[in-house]
Amino acid sequence: MLQVVDLVKTYFQGKIPVHALAGVSFEVADGEFVTITGPSGSGKSTVLNLIGGLDQPTTGDVRIDNVSLLKLSDTERTKMRRDRIGFVFQFFNLLPTMSALENVSLPLILGGVRRKDAEARATEILTHVGLGDRVKHRPDELSGGEQQRVAIARALAYNPVLILADEPTGNLDTKSGKQVLEMLRGLATQERKSVVLVTHDPNAWRYGDRMVRLVDGKVDQILKNEEAR
Amino acid sequence: MRYMLRTISLRRMWEHKLRTFLTIVGIALGVAGFIAVEMITDTLKDSFARMIDQVAGRVQLQVTGGDSGVDEALLKRLTGNPDLAAALPVIQVMTKLTTADHKADRISLLLVAVDTLNDRAARDYKMKDAHGVEISDPLLFLNARNAILLAREFAEKYKIKIDQSIELQTSQGKKTFVVRGLLEPEGPATAFGGNFALMDVYAAQLLFGRDGKFDTIDLMLKPGKQVPQVEADLSKLLGGKYDVVRPSQRTQGVDNMMETFDLGLSVQAMVVLAMGIFIIINTVTTSVLQRRREIGIQRMVGVTRWTIWGQFALEGMLFGIAGAAVGTGAGYFMGHWAVLNFAGKISSMFVLVDLSKVSFKWTMAAKGMSLGVGISLIASIWPAWQATRITPLDVVRLGPSLTKGKGIALRRWLYGLVPSAAVTIYLIFAKAGFDLELSRIARLLARPYSLWFRKWGFELDPSLINRVLDLLPKTHYTLLAKGGFGLDGVRVMMITLLVAAITCTPLVMLALLALVRALARGQSSALLRLSADNIVRDLGRAAMTVAAFMVGLAVMLLIYLFVTSTKHEIQSWIEEALTADLIITNSSQIALREAIPVTDALGDELAKVPGVKSIAAVRLLMTDFNNTRIAVLALDLKHHLNKARFRFVKGDKEAGLKLVAAGEAVFLTQNLALRQHMQDAKTITVNTPTGKHVFPVAGIIMDYTSEQGAVVMDRTLYVDVFHDHLADTFHVYLQPGATHEQVEQVRAAIQQNPYMKESFNLFVLTNREFKGTVMQAIDQLFALAYSLEFLAMVIAFIGIVNNLMATVVDRTREIGVIRSIGATRGQVARIFLSQAALLAISGAVISLGCGFAMAAVQLTRIYEIYTGYALPLYYEWWKIGLTMLAAVFVGVIAGVMPARAAARLTLHEALKYE
Ligand SMILES: Nc1ncnc2c1ncn2[C@@H]1O[C@H](COP(=O)(O)OP(=O)(O)OP(=O)(O)O)[C@@H](O)[C@H]1O
Ligand SMILES: [Mg+2]
């Protein structure tokens with residue numbers, strides 16, 4: 001479902017080129033859970049941003065359901081992101097002035113869904129992630145784990161086929177982190193969503209089906225679930 | 001500190017180039033506007049002073065009677081005076097050269113007529129013959145009635161040769177003069193920019209309607225005589241009937257006359273300058289907010305609070321210094337531009353002067369600089385103090401997560417209600433005519449305090465309190481004088497109104513945003529919600545932006561209301577007062593100063609034109625009065641009596657009209673009565689050629705002919721007392737019910753009348769056309785005010801751009817998040833555009849209240865105090881609505897650049913952690 005084809009990304013700091021990615025390829029199947037690891041600065045976030053269309057590769061391509069991101073206009077990419085991809089960030093990135101319900105309904109309303117319907121759907125998802133009794137709370141009234149679950153709920157608003165998560169447990173205690181990881185695993189297994197998770201956490205690796213290890217912007221090795229453990 | 005400045009402040013200012021640039025431009029515009037206004041008023045005053053000086057030469061004293069002149073018999077009385085070496089008659093008129101090729105735009109010329117035998121005692125004239133040899137006595141060339149000397153430069157410019165004939169406009173029509181010589185640019189010949197002509201005073205008497213009169217008699221003292229002594233002696237000798245003044249004193253009258261005008265402009269310039277305060281507050285606050293982390297770290301490594309404060313105060317000052325420097329330079333050019341575009345019109349309304357020398361003084365630059373820097377310093381005090389409140393702990397707390405922004409200290413803004421409540425109560429009391437004396441309140445308050453003092457062992461003597469309170473000047477604690485406010489009270493009220501509006505701004509904004517949130521539906525509701533949240537999260541900062549916008553708009557509204565009310569009132573007055581079918585006038589504009597009055601013989605001639613029923617001559621003369629200038633308005637009451645309806649303010653209409661028509665009394669206009677505190681006057685003393693003349697007053701009428709106020713009398717009496725047969729306009733009456741075609745026929749006949757056609761350059765306007773020119777003149781007088789307003793709006797615009805750019809920077813990550821969950825670039829842009837619109841709408845709403853309140857005060861109080869007119873408020877809703885819509889539109893435009901910046905943010909950058 002997701003193909004990453006020979007991605008190269010070169011940043012320029014002034015005149016000096018920084019090769020963040022030097023040709024990275026891998027595939028993710030429907031319902032597959034892939035973790036990406038590697039030392040700091042190895043290009044993990046860069047890969048994820050390119051997959052999500054947040055940034056443009058220098059060369060190479062990303063295909064989602066055989067649609068090449070490269071060939072899409074900015075608006076089409078935005079639509080693709082909204083409808084098919086869900087993002088989860090390390091620092092939750094919830095809008096601080098909005099309640100959990102409003103945060104989750106926002107992408108739907110922006111996409112033209114009527115407010116009532118959007119809020120119904122948001123309530124449904126929030127209940128699904130176990131926050132049915134927290135809908136009116138604002139981010140600063142929620143714990144870190146709860147905030148991250150709201151963020152996951154927001155990522156699920158459009159029922160996307162691909163979930164991209166960059167260090168979603170980085171700011172959570174072990175227990176909350178485990179909850180989040182189990183939730184992502186469940187999405188892959190039960191709802192056949194593809195999940196790409198960037199993480200440093202060795203505990204997280206075992207939730208994935210496969211592990212891609214990056215070093216210096218290149219794929220160092222790809223391990224199957226059993227091997228990773 | 002210097003290290004901090006170099007390593008941090010300057011670098012940050014450089015980093016945020018756009019914000020730095022806009023802030024500096026904001027201050028610069030304010031300073032430039034201020035300097036331009038100073039330049040324009042100074043140029044007018046200096047030019048007038050210079051002209052008086054150049055024409056006066058070595059003259060030490062002058063006997064004057066204003067424009068009405070002095071009787072020639074006086075010359076004989078003064079000639080033998082033992083104190084005087086010379087008494088020199090002078091006539092000075094503005095005329096026009098009509099022979100030059102430039103027919104369309106006739107050239108104004110200052111014509112000075114002197115005593116050709118003696119004038120060299122006071123003034124130097126220099127002339128050379130064809131071989132360049134100096135001629136010993138140029139004045140001898142003026143021996144013939146039609147002889148004239150021209151300034152050389154002027155003659156060369158218009159290719160006029162010696163012995164050539166030229167035509168000049170006189171009160172008797174066009175007359176031919178022979179140029180007998182060219183004056184070198186020296187002494188009087190340099191006056192009025194060298195557009196100067198000299199002739200014999202006795203010839204001028206006849207041509208310019210000064211029969212038996214001179215304009216001034218210039219005096220030279222015998223050696224050893226003291227000016228003050230002679231001044232006093234002569235005043236006594238002349239029985240106080242004439243003013244004996246030093247030439248330099250004559251500028252005072254013009255200064256006083258321009259006072260209202262001056263005041264209006266300088267207040268407005270100050271408002272424009274003060275708007276810079278909001279820009280600086282906004283910028284420094286933004287700077288503090290964005291550097292919270294950095295400040296925390298500084299505090300952690302041991303930087304003191306004072307250094308932090310100094311750092312930001314200095315930053316604000318840097319903006320001020322840069323802005324003031326740029327503004328001073330820009331003001332220099334803007335001033336020249338303003339003089340070129342506006343001073344001519346203003347000059348023609350007050351006194352015609354040569355404006356080729358624009359005044360720019362270093363004191364203006366110094367004033368502009370210190371105002372710019374001072375305002376910036378004041379503006380940075382508060383944000384810099386906010387910076388000192390940041391502790392190292394804040395750094396620890398400030399994760400890279402999205403922050404909710406600072407809470408709103410609503411209580412602080414509530415204080416804003418106190419002044420507004422005070423003003424409201426004050427207005428109510430004023431309306432009810434309640435005499436609120438502050439001293440009484442102070443005494444009342446003193447009682448509980450004295451009890452309180454006693455508790456501490458002090459005994460306060462009540463009489464002591466009274467004595468202390470009595471020391472205060474009465475006007476300062478009696479804000480409310482009987483029947484209205486004193487000027488101080490009114491000024492305080494205007495400022496209080498503005499302050500109240502500014503402090504209420506955040507509250508009104510909150511209410512408005514709540515309303516918007518409640519009303520918004522559908523997809524845009526989410527966007528509006530995000531914009532509203534952005535505003536509320538930095539309410540203080542947004543309020544500054546809105547306040548600047550609001551002040552600009554409120555002042556614009558004030559000017560609009562003032563102008564339309566004035567126009568409306570004058571229009572309705574002129575509708576009643578001006579019933580003539582045709583008006584023959586010496587000027588296409590109502591700019592009386594540049595017009596040459598004409599002999600009333602023309603009126604008699606034109607009365608013979610078929611279709612004309614009657615013609616009334618109107619004369620408007622400016623004369624010196626109590627250190628200012630007032631108008632004398634001579635009307636032909638034989639015609640006006642049954643036609644024009646006088647609006648009586650005081651006095652019995654029937655009896656009054658009878659007396660005035662019979663030449664036994666005069667009317668005062670209401671504004672004259674108010675300005676000169678003559679509401680109850682039984683008589684008025686006016687300068688006439690035969691000395692000061694006492695006229696009985698038969699009543700006070702409403703009349704808008706002169707802003708300075710006027711004495712209205714019958715023409716017969718006027719001619720009698722002023723020996724003046726001139727007229728400025730003729731009112732032509734046709735048979736009642738004359739059709740449009742008939743009016744046009746008579747107009748053509750008048751224009752074709754040979755006497756009229758050949759000799760006079762007069763405009764024949766229909767009633768409607770004339771009224772149009774009056775309205776146009778009012779607009780022109782306010783053109784400068786509107787231009788200043790334009791500056792204010794530019795600054796307000798900059799404020800919005802600055803505020804939104806800061807929001808874009810502060811909310812970069814949020815924008816990234818919103819985009820990552822599916823918002824399109826267009827939607828992000830719409831968030832910022834609607835944010836701009838919300839700010840502008842808030843500003844517009846508040847300005848409506850503030851502008852109307854200020855206009856009410858201005859029209860009913862300030863204007864009345866200065867001009868004596870009390871104007872009813874008049875306006876058209878649709879125009880105000882349109883203006884407000886335009887303002888909101890401008891606000892949205894201000895949002896375009898920030899919206900683009902937000903939409904163009906690269907997503908992965910926006911989402912990156914610090
Ligand atoms: N905008 C940029 N300009 C220049 N270089 C960049 C930019 N963004 C990233 N890089 C560089 O690209 C490389 C890969 O960065 P990336 O953020 O993908 O690393 P990462 O694997 O996510 O690291 P971490 O585990 O610390 O999050 C790094 O060397 C980084 O310095
Ligand atoms: Mg990373």
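Contact here means heavy atoms within 4.5 Å of each other. Keep in mind that this is a predicted model.

**Exercise 1. Work out how many residues each chain puts into the contact between chain B and chain A, and how much area gets buried.**

Step 1: Go through the two chains with the contact cut-off. Chain A supplies 29 residues, and chain B supplies 29 residues.

Step 2: Now the area. Putting chain B and chain A together buries about 2,800 Å², and carbon and sulfur atoms account for 62% of that.

**Exercise 2. Find the salt bridges and polar contacts between chain B and chain A, then say which elements of chain B carry its side of the contact.**

Step 1: Look for a side-chain nitrogen of Lys or Arg within 4 Å of a carboxyl oxygen of Asp or Glu. The tally between chain B and chain A comes to three salt bridges.

Step 2: Check one of them by hand. A:D74 and B:R819 pair up through their side chains, with N to O at 3.7 Å, so the pair passes the 4 Å cut-off.

Step 3: Count polar contacts, keeping pairs with both residues at pLDDT 80 or more. That gives eight residue pairs between chain B and chain A.

Step 4: Sort chain B's side by element. Those giving two or more residues are α19 (522-537), α30 (812-820), α31 (825-867) and α33 (907-911) of chain B. The top contributor is α19(B), with nine residues.

Step 5: Sort the same side by class. Chain B's residues that touch chain A split into twelve nonpolar, nine polar and eight charged.

**Exercise 3. Describe how domain 1 and domain 2 of chain B meet.**

Step 1: Get the bounds. Domain 1 of chain B is 1-56 + 257-398, and domain 2 of chain B is 61-245. Their C-alpha centres sit 47 Å apart.

Step 2: Count contacts. Eight residues of domain 1 of chain B touch 13 residues of domain 2 of chain B.

Step 3: Take the area. The two domains of chain B bury about 850 Å² between them, with 64% on carbon and sulfur atoms. On the domain 1 side, B:Q54, B:V55 and B:L352 lose the most area, together making up 59% of what that side buries.

Step 4: Run the salt-bridge rule. Between domain 1 and domain 2 of chain B you get zero hits. Polar contacts, with both residues at pLDDT 80 or more, come to two residue pairs.

Step 5: Finish with classes. The side of domain 1 of chain B facing domain 2 of chain B has five nonpolar, two polar and one charged residues.

Definitions and conventions. Residues numbered from 1 in each chain as written. Chains lettered and ligands numbered in written order. Predicted model: local features only at pLDDT ≥ 70, side-chain atom pairs only at ≥ 80, totals over all residues. Heavy atoms only, no water. Buried area = accessible area lost by both parts, 1.4 Å probe. Polar contact = N/O pair within 3.5 Å; in protein donor to acceptor, adjacent residues only side chain to side chain. Helix = DSSP H or I, 4+ residues; strand = E, 2+ residues; numbered from the N terminus. Nonpolar A, V, L, I, M, F, W, Y, C, P; charged D, E, K, R; others polar. Domains from an automatic or database assignment.
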